[in-house]
Amino acid sequence: MSGLREECGVFGIWSPVKSALAETVYYGLYALQHRGQEGCGIAVCEEGVITAHKDVGLVGEVFTPEVLRSLPKGNMAVGHVRYSTTGGNERRNCQPIVVNHRKGRMALAHNGNLSNASELRNELEMSGAIFHTTSDTETIAYIITKQRLRTDSIEEAVLAAMNVIEGAYSLVVMSPAKLIAVRDPYGFRPLCFGEMPDGSYVIASESCALTAVGAKFKRDLEPGEMLVFSREGIRSERKNCGKKRHHSCVFEYIYFARPDSVIDGVSVHGARLRAGEILAQSCPAEADVVIGVPDSGLDAALGFSRASGIPYGIGLIKNKYIARTFISPGQSSRTDKVRIKLSAVPETVAGKRVVLVDDSIVRGTTGGRIVSLLREAGAKEIHFRVSAPPFLHPCYYGTDIDSEDCLIACRHTEAEIAQIMGADSLGYLPAEKLAVLAGHSGICKACFTGKYPTAVPSEAHKDKYEMKIKENG
Ligand code: SF4
């Protein structure tokens with residue numbers, strides 16, 4: 001309930017026979033909906049011809065039965081769910097991006113943010129390129145198509161582009177004859193593939209999407225790995241593997257990913273349980289009940305309860321029918337949006353000392369409202385525990401932590417934040433325990449430590465291109 005937004009989710013399928021793949025992609029995107037609720041799209045390749053549909057909205061809103069039926073049968077398809085970490089929420093910024101170039105067509109779906117996007121875009125614009133979107137993904141598409149003019153195959157062009165682009169990118173690229181999956185050399189964002197009983201191969205941001213379409217998980221892509229699916233079978237290209245130290249986003253385990261997913265061999269649910277256990281050891285509390293903020297605080301609350309011996313309870317109920325992108329219809333400040341999303345269960349919390357576990361605190365406003373709800377329901381004490389360290393730095397790799405101004409931990413001490421939120425105590429997960437939580441040390445934790453694995457971008461605001469367009473009139 002941090003208020004942070006997920007980045008994006010990608011999905012791809014290669015089938016040995018022509019079939020209604022848009023439907024499979026639809027179900028895959030539904031399973032990835034938590035990664036992006038602003039827009040979505042599907043592109044299908046039918047004998048070399050790419051047909052796409054994309055728009056702003058949830059998967060179920062954009063892909064009505066009529067729209068799905070209008071997409072052709074094919075032997076490859078790519079899908080995307082979007083939250084805008086660069087570029088505004090407009091149809092033109094939705095993905096997959098489809099481009100026509102001298103050597104054919106290509107569809108591209110991307111999860112992540114480039115750390116050198118502004119420099120690359122400036123260079124391209126100075127050489128005459130005209131951009132139709134304000135997202136990083138179009139920059140990647142330009143670079144791949146430029147490389148394609150000099151290379152004999154699409155996979156060589158993608159490999160060459162990997163030497164130019166820097167930062168976070170999990171990509172699915174569809175050419176008229178091949179489906180290509182790429183994970184950047186740091187492995188910031190997850191990407192895995194599986195096989196369906198009919199011999200089709202499926203690529204997805206998270207393993208939960210493979211399960212949703214009946215595919216058997218094969219493995220994660222290695223950081224820097226490229227997989228090529230074609231009539232010739234599957235080919236793995238590892239030229240860019242091992243070039244950088246593995247830095248998978250630790251916040252995927254804490255908040256972004258679905259708990260039933262497994263990333264780099266580590267269960268997300270298991271990681272969240274460990275976070276709760278670590279919290280119970282590092283920031284114990286005398287209490288009668290442990291409750292979690294739905295959904296992503298629940299697993300860590302269970303871990304806290306198991307490690308502390310304090311009973312676990314259901315203390316907050318989430319309105320299941322409210323979209324994550326919920327916007328109130330009016331400007332009235334009398335209605336508290338948190339109240340529409342969450343309500344307290346008095347039977348669990350009344351007269352009790354409560355440990356409240358949430359995944360993160362960004363501005364502190366949501367946390368404060370949840371504390372108020374629990375007080376109104378009769379909670380005697382509230383000990384706020386956070387299954388992440390304090391956010392102190394922006395993220396340049398695909399999440400919307402884009403300014404230190406909005407981070408409460410940059411301006412206040414723990415004791416002050418507890419007071420602002422109305423909690424009796426506050427405890428964060430220690431940053432040095434993040435590797436224990438993730439089950440491996442190949443993690444990015446830059447938003448907590450300020451130690452960035454890449455050069456810090458010169459311009460990092462999510463709306464940087466829109467701002468530039470306005471400046472230039
Ligand atoms: S800076 Fe934080 S949110 Fe961004 S990739 Fe690294 S760990 Fe994830």
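The dialogue below takes up how features of this predicted model are named and justified.

User: What are the ground rules for this model?

Analyst: The model is predicted; local features need pLDDT of at least 70, side-chain atom pairs count only at pLDDT 80 or more, and totals for chains, interfaces and linings use all residues. Residues are numbered from 1 along each chain as its sequence is written, and side-chain values use heavy atoms, with hydrogens and water left out.

User: What makes S2 and S3 paired strands?

Analyst: Strands are DSSP runs of E with at least two residues, helices are runs of H or I with at least four, and both are numbered from the N terminus. Two strands pair if DSSP finds at least two bridges between them. Strand S2 (residues 39-46) and strand S3 (residues 49-56) have 8 bridges and run antiparallel. So they pair under the rule of at least two bridges. One of the partnerships is Ile-42 with His-53 in S3.

User: What joins S2 to S3 in the hairpin, and what is the phi of Glu-47?

Analyst: The hairpin has 2 residues between its strands, and Glu-47 in the turn has a positive phi of about 50°. Most residues other than glycine have a negative phi. Glu-47 is positive although it is not a glycine.

User: Which peptide bonds are cis, and how do you know?

Analyst: Omega shows it. Gln-95 and Pro-96 are joined with omega about 0°. Pro-96 lies in the loop between strand S4 (74-82) and strand S5 (97-101). From Pro-294 to Asp-295, omega is near -5°, again cis. Asp-295 lies in the loop between S17 and H10. Most peptide bonds are trans.

User: Why are S5 and S13 called edge strands?

Analyst: The open sheet of 6 strands runs S5-S6-S7-S8-S12-S13, with antiparallel pairing. S5 and strand S13 (233-237) each have a single partner strand, so one side of each lacks a neighbour in the sheet. The twist averages 20° from one strand to the next. Strand S12 (residues 226-230) pairs with S13 over 5 bridges. Val-228 has Arg-235 in S13 as its bridge partner.

User: What makes H5 and H6 pack on that sheet?

Analyst: Contact means heavy atoms within 4.5 Å. Helix H5 (residues 136-150) touches S5, strand S6 (104-111) and strand S7 (170-174). Its direction makes about 140° with that of S6. Helix H6 (residues 154-162) touches S6, S7, strand S8 (179-183), S12 and S13, at about 15° to S8. Axes are lines fitted to C-alpha atoms, for helices over the stretch in contact, and angles run from 0 to 180 degrees between N-to-C directions.

User: Which strands form the parallel sheet, and in what order?

Analyst: The order of its 4 strands is S17-S20-S21-S22, in an open sheet. Strand S17 (289-292) and strand S22 (425-428) are the edges, each pairing on one side only. The twist averages 20° from one strand to the next. Strand S21 (residues 381-386) is joined to S22 by 4 bridges. Phe-384 stands opposite Leu-426 in S22. Helix H10 (residues 298-308) packs on the sheet, touching S17, strand S20 (353-358) and S21.

User: How do you know which residues surround the ligand, and how do they divide?

Analyst: A residue counts as near if one of its heavy atoms lies within 4 Å. The residues around the ligand include Arg-189, Cys-249, Tyr-397, Thr-399 and Lys-445. The shell divides into 7 nonpolar, 1 polar and 2 charged. Ala, Val, Leu, Ile, Met, Phe, Trp, Tyr, Cys and Pro count as nonpolar, Asp, Glu, Lys and Arg as charged, and the others, Gly among them, as polar.
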